[in-house]
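This briefing is meant for a reader meeting the structure for the first time. It begins with a pair of strands, and then turns to a helix, to the salt bridges and to the chain as a whole.

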Amino acid sequence: ARGAPLDGRARGTSGRVRPRHARRAGRRCACGASTDAAPGAAAAATTETETAASPPAKGRVLVLGASGGVGKQTVELLQEAGFLVRAAVKDPAKRTATQCDDVVVLDVTQYETLPAAFDGVDAVVIACATTDFSNPFSPALVEYNGTKNVVAAARNTSAPRLVLVTSLGTEAPLLNPLNLAFGILSFKRLAEEEVQRSGLGYTIIRPGGLSNEAVPGKVQLKRRGEAATGRVWRRDVARACVAAIEAPDLADNKIVEMIAVEGAPDRELADMFGDI
């Protein structure tokens with residue numbers, strides 16, 4: 001059911017996906033078991049070794065824009081949280097930058113490159129962003145059309161949840177000077193609307209100005225339109241993406257704005273999602 005936690009979703013007959021390295025560990029144990037051992041004892045030893053080697057994964061998450069600032073951090077934090085991660089990059093030269101074993105090369109502006117990457121995926125993090133401002137059409141192609149393609153691929157392959165990272169200022173883009181960059185905030189807003197109309201579970205995160213370093217203050221999630229300006233650490237945005245996936249019952253179908261506020265209380269992201 002939409003909104004159910006990923007680690008409770010039935011997948012095939014086992015209900016969980018065990019990482020490749022755990023399956024390899026099980027095979028080594030079986031091959032290395034003594035031939036004098038009883039079959040039942042060998043099977044029990046194998047099961048115990050597999051269980052100790054790696055707990056079942058929570059689910060598989062596709063991260064689009066995985067070589068970027070937020071995407072790369074999201075890949076890392078999802079892996080730490082026990083998810084299987086499929087990292088998607090546009091540039092084949094950046095495959096190794098993701099620190100992920102499962103890497104796919106695709107282009108969100110080209111729909112035909114997307115469906116194969118969605119196979120077996122439980123959630124999708126859309127962390128793509130315009131980087132080439134020498135092309136005035138880039139925001140329309142990447143932010144809007146790219147997100148439309150992702151939504152179509154997710155619907156056609158039954159990926160149940162989307163987490164979209166956009167930007168502060170999309171609530172009223174025409175009034176924001178950042179929109180002078182070829183209408184980028186307007187196209188981000190159109191992308192949000194595509195996700196909202198998708199029929200899938202979604203969380204939209206609008207971070208303030210992104211920083212590579214920690215920003216003074218504590219992270220705060222605010223309702224749409226409440227944060228006029230502010231900055232936030234990229235790693236904290238990645239943390240919010242992971243929290244949205246881990247707690248869909250609290251984060252489902254919500255738009256949040258995210259900044260760091262000095263003097264604000266230190267709260268769990270899941271709790272803040274629940275308050276929105």
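In the strand pairing, L62 stands opposite V124, which belongs to β4. The model is a predicted one, and the points below are grouped by topic so that the strands, the helices and the charged side chains can be followed in turn.

**Strand β4 and its partners**

- Strands β1 and β4 run parallel and are joined by four bridges, and the pairing of L62 with V124 in β4 belongs to this part of the picture.
- Strand β4 also runs parallel to β5, again with four bridges between the two, and here A123 has R161 of β5 as its bridge partner.
- Between these two strands, the chain leaves β4, passes through helix α4, residues 138–156, and arrives at β5, making a β-α-β crossover that is right-handed.
- Within β4, which covers residues 123–126, A123 and V125 point one way while V124 and I126 point the other way, and all of them are buried.

**Helix α4, seen from N149**

- N149 is a residue of helix α4, and its relative accessible area of 17% is why N149 counts as buried, the cut-off for that class being under 20%.
- Apart from residues up to four places away in sequence, N149 touches V108, T109, Q110, Y111 and L114.

**Helix α5 and its cover**

- The 13 residues of α5 should span 18 Å at 1.5 Å a residue, and the C-alpha atoms at its ends are 19 Å apart, which agrees with that expectation.
- The buried residues of α5 are I184, L185, K188, R189, A191, E192, E194 and V195, and the elements covering them include α4, β5, β6 (201–207) and β10 (254–261).
- E194 lies in this helix, which runs over residues 184–196, and because its relative accessibility is 15%, E194 counts as buried.
- When its neighbours within four places in sequence are left aside, E194 is in contact with Y144, K148 and V151.

**Salt bridges**

- How many salt bridges does the rule give? The count comes to 14, and three of these pairs are described below, each with its N to O distance.
- E246 and K58 meet through their side chains in a salt bridge of 2.6 Å, N to O. Since E246 lies in helix α6 (residues 234–246) and K58 in the loop between α2 (39–53) and β1 (60–64), the pair ties together parts that are 188 residues apart in sequence.
- Both partners of that pair are partly exposed, E246 at 38% relative accessibility and K58 with a relative accessible area of 26%.
- E171 and R224 form another salt bridge, in which the closest N and O atoms are 3.1 Å apart. This pair also links distant parts of the chain, with E171 in the loop between β5 (161–165) and α5 and R224 in the loop between β8 (218–223) and β9 (231–233), 53 residues apart.
- E171 is partly exposed, with a relative accessible area of 35%, and R224, at 34% relative accessibility, is partly exposed as well.
- The side chains of R189 and E193 meet in a salt bridge with an N to O distance of 3.9 Å, and both residues lie in helix α5, four residues apart, about one turn of the helix. An α-helix has 3.6 residues a turn, so residues three or four places apart point the same way.
- Are R189 and E193 buried or partly exposed? R189 is buried, with a relative accessible area of 14%, whereas E193 is partly exposed, with a relative accessible area of 25%.
- A network of salt bridges links E171, R189, E192, E193, R206, R224 and E257, and this network includes the residues of the last two pairs, E171 with R224 and R189 with E193.

**The chain as a whole**

- The protein chain has eight helices and 10 strands, and buried residues make up 49% of its 276 residues.
- Of the contacts between residues at least 6 apart in sequence, 69% join residues that are at least 24 apart.
- The chain exposes about 13,300 Å², of which carbon and sulfur atoms supply 51%.

Key. Residues numbered from 1 in each chain as written. Predicted model: local features only at pLDDT ≥ 70, side-chain atom pairs only at ≥ 80, totals over all residues. Heavy atoms only, no water. Buried < 20%, exposed > 50% of the residue type's maximum accessible area, 1.4 Å probe, protein only. Contact = heavy atoms within 4.5 Å. Salt bridge = Lys/Arg side-chain N within 4 Å of Asp/Glu carboxyl O. Pairing = 2+ DSSP bridges. Right-handed = clockwise from strand over helix to strand, strands pointing away. Expected span 1.5 Å × (residues − 1). Areas by Shrake-Rupley, 256 points an atom, 1.4 Å probe, with all protein chains shown as cover.
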